[in-house]
Amino acid sequence: MVKMKSNFFKIFYKIAVHLKPLAVKIFPLKFRRKMKYLLLSKAFPLERKNKSNYVFEGESGINLVGYSRAEMGIGESCRIAARSIDATGQINFGIINFKGTNSARMNDMTWVHKETTKPTYNVNLFHINAEQMMEIYSHYGNSIFEKRYNIGYWHWELPDFPDNWKESFNLVDEIWVPSTFVADSIAQKSPVPVVKIPHSIEVSVRDMRERSYFNLPQDVFLFLTMYDLKSFQERKNPMASIRAFQTAFLPEDESVGLVVKVNGVGYAKEDLEELYDLIGEYKNIYVIEGTLTRNDTNALIFVTDSYISLHRSEGFGLGLAEAMYLGKPAVGTGWSSNLDFMKHDNSCIVRYTLVDLKRDFGPYKAYQYWADPDIEHAAYYMRKLREDKSYYEQVSLRGEEYIKQNYSPHIIGRLIQKRLEYISMWKFGG
């Protein structure tokens with residue numbers, strides 16, 4: 001009976017995947033995400049195995065599984081993991097590029113030379129968030145997990161880890177997370193070890209771009225904020241950055257500007273319309289829509305003067321860290337994962353009040369809480385960075401130094417190598 005029910009949902013799931021282009025036009029993103037997880041959990045109930053009897057197979061090394069070509073945050077974090085592993089010069093690894101039902105543009109070929117079609121090493125590192133692990137299972141079944149040590153690299157942005165994702169714990173032997181905040185959240189419910197392995201930060205611009213390339217004005221102090229509509233506008237909170245800019249500067253002030261880079265255009269048109277409504281008469285706020293290459297995203301950060309993210313919560317805060325690497329002062333909400341690297345002497349940490357969500361935003365449920373940043377405090381920092389050159393240079397230098405000294409690929413690569421050596425001694429008897 002259970003098997004018949006599972007087969008029914010498998011057929012339903014395959015039909016839903018086939019009809020996804022139509023569903024995108026009819027149903028909102030939040031509804032599609034909810035239905036996708038429901039179908040996956042029903043169609044592919046986990047086959048629980050006694051892993052204590054496993055004989056691990058394969059050469060020593062890592063099968064990195066993730067959206068390695070996807071031009072979005074989760075894809076970039078997979079490529080960052082590849083860079084950190086590669087920096088050790090000691091760890092064999094291959095990349096299994098997974099697409100699943102991800103509809104992001106898949107044109108980043110940075111690590112295509114490391115791609116393989118099947119796992120050959122004894123450790124799997126799934127650079128896939130907890131709710132997406134069921135997609136891996138639906139695609140590969142138990143075959144990819146069996147006789148290997150399985151690590152999930154998971155992000156999460158709120159204090160309580162969702163109960164309806166707990167089934168994914170059954171697929172992994174341990175979990176790596178990018179920050180202390182995420183570790184604290186997941187560890188409360190995890191039956192397996194949770195280890196902090198941060199993202200490494202290294203920002204290169206192979207092909208330099210002038211501001212004119214992005215249709216931005218010259219000789220103007222430019223703030224930059226970036227977000228993806230698929231990451232929930234309510235959490236990324238670009239409206240707060242816009243309001244802070246409007247509080248700090250007049251609409252006719254041509255000496256300063258705010259650049260709003262929006263990815264995932266087409267997924268939440270109402271959110272984009274809300275953005276433009278808020279901008280209103282401010283001609284010194286410039287919106288860049290669409291997906292940029294990694295080079296051009298890095299170049300955009302490079303040609304602007306400061307990065308602002310008045311998020312309500314972050315699973316890491318990659319944009320803030322990358323801006324600091326390039327010597328661009330970061331203005332960010334003083335709560336959640338970004339506090340691992342944002343300090344009061346190397347960045348501009350904005351005050352906040354913790355508030356209840358009050359209603360559901362996709363996986364972010366009403367009973368949870370997150371930060372409401374202080375708009376006036378953020379505006380103060382924006383004015384100070386614009387007007388006080390000495391302060392700007394001090395924050396710029398200290399931020400760049402901190403990121404380069406603590407988050408380089410070599411440093412994070414050594415953390416990965418050290419953890420693998422421990423796993424080898426403990427699990428493989430090496």
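**Notebook: sheet, helices and rings**

I began with phenylalanine 223, whose bridge partner in E10 is serine 306. I note at the outset that this is a predicted model. The strands concerned are E7, residues 221–228, and E10, residues 306–309; they run parallel and are joined by two bridges.

**Entry 1, the sheet.** I then followed the pairing outward and found an open sheet of six strands, with parallel pairing, in the order E9-E8-E7-E10-E11-E12. Its edges are E9 (285–289) and E12 (348–350), each of which pairs on one side only. On average, and ignoring direction, neighbouring strands in this sheet are turned by 20° against each other.

**Entry 2, helices on the sheet.** I looked up what packs on these strands. Helix H8, residues 238–248, packs on the sheet and touches E7, E8 (256–263), E9 and E10, with a direction that makes about 170° with that of E8. Helix H12, residues 375–387, packs on the sheet as well, touching E7, E8, E10, E11 (330–333) and E12, and its direction makes about 165° with that of E12.

**Entry 3, H12 against H13.** I went on to the partner of H12, helix H13 (residues 389–406), and noted a packing angle of about 105° with the axes 5 Å apart. Angles of 65 to 115 degrees count as roughly perpendicular, so H12 is roughly perpendicular to H13. On the H12 side the contact is made by Tyr381, Lys384, Leu385 and Glu387, and on the H13 side by Lys389, Tyr391 and Tyr392. Sorted by class, this contact has four nonpolar and three charged residues, and no polar ones.

**Entry 4, aromatic pairs.** I found 26 aromatic pairs in the structure. I wrote down phenylalanine 98 with tyrosine 140, a tilted pair at 6.3 Å centre to centre with 40° between the planes. Phenylalanine 98 sits in the loop between E2 (93–97) and E3 (121–127), and tyrosine 140 in helix H5 (133–140), so this pair ties together parts that are 42 residues apart in sequence. Is each ring buried or exposed? Phenylalanine 98 is buried, with a relative accessible area of 3%, whereas tyrosine 140, at 22%, is partly exposed.

I then returned to strand E7, residues 221–228, where phenylalanine 221 and phenylalanine 223 form a tilted pair, 5.0 Å centre to centre and 55° between the planes. Phenylalanine 221 is buried at a relative accessible area of 12%, and phenylalanine 223 counts as buried at 0%. I also recorded a cluster linked by ring pairs, made up of Trp154, Trp156, Phe161, Trp165, Phe169, Phe232, Phe361, Tyr364 and Trp370.

**Entry 5, backbone in the E6–E7 loop.** Most residues other than glycine have a negative phi, so I checked for exceptions. Asparagine 215 has a positive phi of about 60° although it is not a glycine, and aspartate 219 has a positive phi near 55°. Asparagine 215 lies in the loop between E6 (194–196) and E7, and aspartate 219 is placed in the loop between E6 and E7 too. Asparagine 215 is exposed, with a relative accessible area of 69%, and aspartate 219 is exposed at 80%.

**Entry 6, the whole chain.** I closed with the totals. The protein chain comes to 14 helices and 14 strands, and of its 430 residues 57% count as buried. Among contacts between residues at least 6 apart in sequence, 73% join residues at least 24 apart.

Methods: Residues are numbered from 1 along each chain as its sequence is written. This is a predicted model: local features need pLDDT of at least 70, side-chain atom pairs count only at pLDDT 80 or more; totals for chains, interfaces and linings use all residues. Side-chain values use heavy atoms; hydrogens and water are left out. Two strands pair if DSSP finds at least two bridges between them. Helices (H or I, at least four residues) and strands (E, at least two) are DSSP runs, numbered from the N terminus. Axes are lines fitted to C-alpha atoms, for helices over the stretch in contact, and angles run from 0 to 180 degrees between N-to-C directions. Contact means heavy atoms within 4.5 Å. Angles under 35 degrees count as roughly parallel, over 145 as roughly antiparallel, 65 to 115 as roughly perpendicular and the rest as oblique. Ala, Val, Leu, Ile, Met, Phe, Trp, Tyr, Cys and Pro count as nonpolar, Asp, Glu, Lys and Arg as charged, and the others, Gly among them, as polar. Rings of Phe, Tyr and Trp (its six-membered ring) pair if their centres lie within 6.5 Å; planes under 30 degrees apart count as stacked, over 60 as edge-to-face and the rest as tilted. Buried means under 20% relative accessible area, exposed over 50%, partly exposed in between (1.4 Å probe, protein chains only).
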